[in-house]
Amino acid sequence: MSVSQADLAAVQAKAAGERRKRSKLRRRLADFLWGSLLPVALLAVWQWLGDREIISPLLFPTPLVIWDSFIWLVNSGTLGENIGVSLYRTFAGFGLGAGLGLATGLLVGLSKTSERLLNSTVQMIRMIPHISVTFLFVLWFGIGETSKILLIAKGTFFPLYLYSFLGIRNVDNKLFEVTRVLGYSRFKQIVRLVLPATLPNVVLGIRLSLAIAWFSLVVAEMMSSSSGLAFLMMDARAMSDTPTVFVGIALFTVLAKLTDSIVLFDAGCCPGVIRSGAEKGGNAP
Amino acid sequence: MRVIVATLLKIRELHKSFETDSKTVQALHNIELDVREGELITVIGPSGCGKSTLLRIVAGLDTSYRGEVRLDDRPIAGPGIDKGFVFQEPRLFPWLTVEKNIAADLSLRNPDIRLKVDELIDLVRLKGFEKAYPKELSGGMAQRVAIARALLRQPRILLLDEPFGALDAFTRAHMQEVLLDVWRRNGTTMIFVTHDIDEAVYLGNRIIILKPRPGEIRAQIPVDLPYPRKKASASFQDFRYKVLSEFERIDELSWGEAGAGI
C-alpha cells in the first residue's frame, strides 16, 4: 500500500513538473505575442497608409514593397555578397580592437604602474569624437579594407578597455581577504578571483563594443567603399531606390540584435556571469 | 575526555593601535593569552573592544602590532592555510558551486580532495547541495560552506569572527550544534568571537572577556560544563551570570572613567 502511494506521489510530482514546464512555455508565448502587438500594428498601419497613398511611396515605401525588394536582392546574390563583406570587416575590426582593448584593460587593471603610464593617454584618445577621424583614416590607410577595419577597431577598443579595467578594480576586497587566508599565490588570485569576477563586466564591454562595431562599419562604408551593406544603401539612395535603403536599415538592426543575443547566450552558458548577482547572505557590511 | 596538550597559540604583551588623521586610537592593550591545542575559546566583548582585531592579527591579516604572537612557537608572518578563518559573512565565490567553493584552489579531480570534500559536506550537513550556487543557499547554509572551506585545509587553528551573528535564533542554534559536532570529531582548536553571552557559554571551554577602549582582557572564565550543554540548566545560568556580572563591572568602570573626566 505504502509503495503504491509513493509511486502515486512520484507520478503526481512528475505531472506537476510537466504542467509547470508547459505553463512556463505558454507564458513565454504570451509574452512574445504581447511584445509583437505594437510592431505588427505599426506595420499594418504603415501598409494601409501606403496603399491609400496617404504617405509618399518614394519616402515611405510600404512594408510589402520593401519585402519584395529584399527578396529580389537575395535572389540576385547582391545581398549575400555585400553582407559577407560587411561581416568580415565588422569581425576583423571587432576582433582586433576588442582583443587589444581587453588585453590593455586587464594590464592596466592589474598593474598600477601601467595604469599610471597608460590610462591618462587612453582616456584622452577616447575623447576624440570617433567619427571625426574617419576622413584621416582614409587618407592614411587608403580606401581599402585597412582603413575600415582600423576605424572599427578604434571604436571597439574603448568599451572593452574601460569595462575590463573597471571590472578588475571592482573585485570585492572581502573576497581578496578570503584568497589571502586560503593562501593563494598572486597568480592564483588573478586566475581564480580577479578574472572570473571581471567576466560580467567584460561581457558588458563586448556588447557595447559590438554596437559600436556596427555603427563604425556603416560610417566607414558610407564614406568610401565599393562594397558592403552600407555601400548598397548609399548606392540605392543615389538612385532614389528607397526600398533598398529600408532593407539595409532592417538588416543592420537584425544583425546587431543577432550578435548581441549570441553574446548574451554564450554568457548565460557560463555560470560566472549569470551567478554574479549579490551573494546570498551577503557580502554586505 | 579530551586530552589537552601543548600550548598552540601564545600571545604576549600584544599592543595594537590605529592611526586616524587626527589621533591614535589604541585598539588592544597588553593582551596575554595562551591557547592550548584542542581548546575551543570564545571571546566576548562589547562592540569596539577589538575582538575582531585580535582575530585578524592571529590570522596574519593584520601584521602591524607590537608584541609577540606565536603559533606552534613560530611568529605569524602572514595569512596562510594553517590558520583557517570564517568571516562574519560567508564570502563565497558566487561563480562556484558549493563543492567548488569548499575546494577553492584544490582540484576535485584529485580523489583525496574529493573524498575530504564529500566528508566535510556530510559533516556540515549540506548533502544534496553540492552543485548548488551560493545565491541558492540560505544564510546558514552559506556559512556552513564557509566553515567547510576553512576546515578542508586542516588548519592548526580555526578562527571564527562572529560567524553566526547575522543568522536568526533557530538557525544560529543549529549552527552551534554543527560547530560543536565538527569540534568533537576533528578536535580542531578554535577561537570563536561573539557578542552573544549564551553563545559564548554554550560553546567555549574558556570564555575570554574583553573590555573596550582600549581592548583589554578583563577576565578569563573556564567553563567546565560537559557537552551537550543545556541552556536552561542551573549550572549554565551560573556561568551566564558570571559573564554578565563581569560586563556590569566593565560598565561601572567605564562610567567611573567617564565621570572622572567630567
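User: What makes strand 6 (residues 83-86) of chain B and strand 7 of chain B a pair, and in which sense do they run?

Analyst: In this predicted model, strand 6 and strand 7 of chain B are joined by 4 bridges in the parallel sense. Two strands count as paired from at least two bridges, and the 4 bridges found here satisfy that requirement. One position within strand 7 of chain B can be named: L158(B) stands opposite G84(B).

User: How do you know that strand 7 of chain B also pairs with strand 8 (residues 189-194) of chain B?

Analyst: The same threshold of at least two bridges applies, and 5 bridges link strand 7 of chain B to strand 8 of chain B, the two running parallel. Within strand 8 of chain B, F192(B) is the bridge partner of L160(B).

User: Which elements of chain B make a β-α-β unit, and what is its hand?

Analyst: The unit consists of strand 7, helix 5 (residues 169-186) and strand 8 of chain B, and it is right-handed. The term applies because the path from the first strand over the helix to the second runs clockwise when the strands point away from the viewer.

User: Why is strand 7 (residues 157-161) of chain B described as largely enclosed?

Analyst: A residue is buried if 20 or more other C-beta atoms lie within 10 Å of its own. In strand 7 of chain B, 5 of the 5 residues are buried, and the strand is therefore largely enclosed by the rest of the structure. Both of its faces are covered: I157(B), L159(B) and D161(B) are buried on one side, and L158(B) and L160(B) on the other.

User: Which strands of the open sheet of chain B stand at the edges, and what makes them edge strands?

Analyst: The open sheet has 6 strands in the order 6-7-8-3-9-10 (chain B), and its pairing is mixed. Strand 6 and strand 10 (216-222) of chain B each have a single partner strand, so one side of each lacks a neighbour in the sheet, and they stand at the edges. On average, neighbouring strands of this sheet are turned by 20° against each other, direction ignored.

User: Which pairings of strand 9 of chain B show that the sheet has mixed pairing?

Analyst: Strand 9 (residues 206-211) runs antiparallel to strand 10 of chain B, with 6 bridges between them. Strand 3 (residues 40-44) of chain B, by contrast, pairs with strand 9 of chain B in the parallel sense over 4 bridges. Toward strand 10 of chain B, R206(B) stands opposite P222(B), and K211(B) stands opposite E216(B). Between strand 3 and strand 9 of chain B, V43(B) stands opposite I208(B). The hairpin of strand 9 and strand 10 of chain B has 4 residues between the strands, and R213(B) takes a positive phi near 45° there. As for burial, 5 of the 6 residues of strand 9 of chain B are buried, so this strand is largely enclosed by the rest of the structure.

User: Why does Y202(B) count as buried?

Analyst: The cut-off is 20 or more other C-beta atoms within 10 Å; Y202(B) has 25 C-beta neighbours inside 10 Å and therefore counts as buried. Y202(B) lies in helix 6 (residues 197-203) of chain B. Apart from neighbours within four places in sequence, Y202(B) is in contact with Q176(B), R229(B) and K231(B). Of these, K231(B) is 29 residues from Y202(B) in sequence, with 7.2 Å between the C-alpha atoms.

User: Turning to chain A, why are helix 3 and helix 4 of chain A called oblique?

Analyst: Helix 3 (residues 78-110) and helix 4 (residues 112-126) of chain A pack at an angle of about 130°, their axes 6 Å apart. Roughly perpendicular covers 65 to 115 degrees and roughly antiparallel begins over 145, and the two helices are therefore oblique to each other. Their contact involves T104(A), L107(A) and V108(A) of helix 3 of chain A and S114(A), E115(A), L118(A) and N119(A) of helix 4 of chain A. These residues divide into 3 nonpolar, 3 polar and 1 charged.

User: How is helix 2 of chain A oriented to helix 3 of chain A, and what supports that description?

Analyst: The axes of helix 2 (residues 63-76) and helix 3 of chain A cross at roughly 80° and come within 4 Å. Because 65 to 115 degrees counts as roughly perpendicular, that description applies to helix 2 and helix 3 of chain A. L73(A), V74(A) and S76(A) of helix 2 of chain A meet T78(A), L79(A) and G80(A) of helix 3 of chain A. The contact has 3 nonpolar, 3 polar and no charged residues.

Key
Residues are numbered from 1 along each chain as its sequence is written. Chains are lettered from A and ligands numbered from 1 in the order in which they are written. This is a predicted model: local features need pLDDT of at least 70, side-chain atom pairs count only at pLDDT 80 or more; totals for chains, interfaces and linings use all residues. A residue is buried if 20 or more other C-beta atoms lie within 10 Å of its own, exposed if 12 or fewer, and partly exposed in between; C-beta atoms are placed from the backbone. Axes are lines fitted to C-alpha atoms, for helices over the stretch in contact, and angles run from 0 to 180 degrees between N-to-C directions. Angles under 35 degrees count as roughly parallel, over 145 as roughly antiparallel, 65 to 115 as roughly perpendicular and the rest as oblique. Two residues are in contact if their C-beta atoms, placed from the backbone, lie within 7 Å. Ala, Val, Leu, Ile, Met, Phe, Trp, Tyr, Cys and Pro count as nonpolar, Asp, Glu, Lys and Arg as charged, and the others, Gly among them, as polar.
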